[in-house]
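Please walk me through this structure in a few questions, with the reasoning spelled out for someone who is new to it.

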Amino acid sequence: MFARGLKRKCADHEEDMGGALAGFRAVPSYSLQRQSLLDMSLVKLQLCHMLVEPNLCRSVLIANTVRQIQEEMTQDGTWRVAAPQSTGRAPLDRLVSTEILCRSMREQDGVHPAPGMGDDHVLGPGSELSTVTSAQTPRDPQNSVWEMDSPRENRGNFQKSLDQIFETLETRNPSSAEELFSDMDSSYYDLDTVLTGVVSRAEPGPCDGLQGLPPVATPASSSSCKSDLGELDHVMEILVET
Amino acid sequence: ALNCRFYFPFVDRPKLLAVSLPTADIISTVEFNHTGELLATGDKGGRVVIFQREPESKNAPHSQGEYDVYSTFQSHEPEFDYLKSLEIEEKINKIKWLPQQNAAHSLLSTNDKTIKLWKITERDKRPEGYNLKDEEGKLKDLSTVTSLQVPVLKPMDLMVEVSPRRVFANGHTYHINSISVNSDCETYMSADDLRINLWHLAVTDRSFNIVDIKPANMEDLTEVITASEFHPHHCNLFVYSSSKGSLRLCDMRAAALCDKHSKLFEEPEDPSNRSFFSEIISSVSDVKFSHSGRYMLTRDYLTVKVWDLNMEARPLETYQVHDYLRSKLCSLYENDCIFDKFECAWNGSDSVIMTGAYNNFFRMFDRNTKRDVTLEASRESSKPRAVLKPRRVCVGGKRRRDDISVDSLDFTKKILHTAWHPTENIIAIAATNNLYIFQDKVNSDMH
């Protein structure tokens, strides 16, 4: 299934791009395969709509795969750091579009991240929306730059987003309840915020928006995106019961 | 040659005892106790079902030592972590039996976060003839009591009672993947993705951290713990495996925090086989010490390997489980199958090893003869008078009648959990919603 789609795409690409592919030193089909693998991996890492904590082993293995591809592409010279106007390169554009989609989705949702408190900061309710784009940690000024970045800093964004993924995968272990609640944003307890966070999930999430990417098989049930309505019911149940 | 009947138990045996038991939920772990009398299964819904082997009796020819349901109980319930806004699944990841020390049986069961110690007792007598209460438990009118009697124990229908004796909670930030009881019978360890804790069975409010591989910066995380086990005889030794395919043997006498391994077992990478998936398929999904304590068995995505504790440089033996998948790794990565965690098992004499695969197939490898066989856990194979026939996956070329082609394999039918009776040729195979128990009447001394 995968191989077949790939061949068609390769043929199309060669017809449309013509000389644009001359920039690649690698064989186009390998390069495309590698690009598809990279895209697939990034999609897998975007753990949208997860109610259960993601499998850390799986995430680490996927992230390592992404790093390997990135390293190889850097050596190849196919990993472009340049501004987007250079031949509108497919690889980087895809990465950028992924990020922008995630970011813009999050902004739409109106999530305001909980303020960080160093290692022990707590993820606000909005964090459950997308563990990829998590609350920012003011302790690391470089990371907060990722928030405002323009699409131009593509490569830096990518590395930061990879790091970001691991930041979010880390489960916090607050040392004391006091520290936990000391500079907590009071909106954490605001029912409206929580409901807003949940309701806005009903909109198509980042996963759905990635139309331009090659089709990906439905992930295994353990990591599949649950129905948003089901999530809303679930959270309402918990809120009402408690 | 497919004529494996004389080399492997279970294969082509007319007197094979096979039973298929449908379960309410997907089985997530299977474990025999130390005598093999009891078999415990845990499922995705947090339930534990214990089977007991009926005693073989010449007087009752129907009873051939089959396993029947002994007890069922709810071990774990789903929880919600309000702090992180995440569900904690009730799925039972592992069950380990404690060695039996009195009439009661005990086992440890764990989900992602909490380990519980359960005590299983039998009640087959009840006291009758109380002085102050009547048969229904109501207080007697004292004026009617004219003499005193001593209550006596009368037989009753067997009742199996299960009670939670200890709850070991809040020990793990990450998901628990293994538990292992120490040979000292007093302590046990629990391992999650980044840490391993040592507990005392009687103490629930604290545990000792003995391995911590969490980096200072989570961004630097590239390797996680995938499985761990105590040595069967040396209470100071344990092994843990990683997602990069390495095994670390640690000695608790060396230091309190066993971050520095005593031995590192790692096979150098084969440069000719290198691909983007090399690391993923090298990730060890299970590690088991042999009964002798001399060897370790590991399972990674495509192979099972036997390691000699005295040789760190490379495995002693490597067996291909389903090498025909090597050319399909990209598709298997896409559908997440490449992350499936298969378990492995030794037979009682450490001469045969077993592991599961796809399409409800499971494989056995004889270490002495170097023969291997593929068997299928299916309804057909568990009918009365059915025999387990060897199966074959063909990869192009000459195809025989009953062969299955690689492309027709059902990847949703995976056998992740298998267990072998400690001494006899009895195996338990978990195939999603069905538990298969195969019993070979041939004396296991053959192997």
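Q: Where in chain B is B:Cys185 found?
A: Helices (H or I, at least four residues) and strands (E, at least two) are DSSP runs, numbered from the N terminus. On that numbering, B:Cys185 is found outside the strands, in the loop of chain B between strand 12 (176–181) and strand 13 (187–192).

Q: What should be known about the model and its numbering?
A: This is a predicted model, in which local features need pLDDT of at least 70 and side-chain atom pairs count only at pLDDT 80 or more, while totals for chains, interfaces and linings use all residues. Residues are numbered from 1 along each chain as its sequence is written, chains are lettered from A and ligands numbered from 1 in the order in which they are written, and side-chain values use heavy atoms, with hydrogens and water left out.

Q: What average pLDDT does chain B have?
A: pLDDT is the predictor's confidence in each residue, from 0 to 100. In chain B, 96% of the residues score at least 70, and for the complex the predictor gives an ipTM of 0.91 and a pTM of 0.73. The average pLDDT of chain B is 92.

Q: Is B:Asp350 buried or exposed?
A: Buried means under 20% relative accessible area, exposed over 50%, and partly exposed in between (1.4 Å probe, protein chains only). B:Asp350 lies in the loop between strand 24 (344–346) and strand 25 (352–356) of chain B, and its phi is near 60 degrees, a positive value in a residue other than glycine. Because its relative accessible area is 8%, B:Asp350 is buried.

Q: Which class of accessibility does B:Cys185 fall in?
A: Phi of B:Cys185 is also positive, near 60 degrees, in a residue other than glycine. Most residues other than glycine have a negative phi. Because its relative accessibility is 25%, B:Cys185 counts as partly exposed.

Q: How many residues apart are B:Glu424 and B:Arg53, whose pair links distant parts of the chain?
A: A salt bridge is a side-chain nitrogen of Lys or Arg within 4 Å of a carboxyl oxygen of Asp or Glu, and the side chains of B:Glu424 and B:Arg53 meet in one at 3.1 Å, N to O. B:Glu424 is in the loop between strand 30 (417–420) and strand 31 (426–431) of chain B, whereas B:Arg53 is in strand 4 (residues 47–53), so the pair links parts of the chain that are distant, 371 residues apart.

Q: Which class of accessibility does B:Arg53 fall in?
A: Its partner B:Glu424 counts as partly exposed, at 32% relative accessibility. B:Arg53 has a relative accessible area of 14%, and therefore it is buried.

Q: Which strands hold B:Glu161 and B:Arg123?
A: The side chains of B:Glu161 and B:Arg123 meet in a salt bridge of 2.8 Å, N to O. The two residues are 38 residues apart, with B:Glu161 in strand 11 and B:Arg123 in strand 10 of chain B.

Q: How many helices does chain A have?
A: Chain A has 242 residues, of which 50% count as buried. From the N terminus on, its elements run α-α-α-α-α-α-α-α-α-α. With zero strands, the number of helices in chain A is 10.
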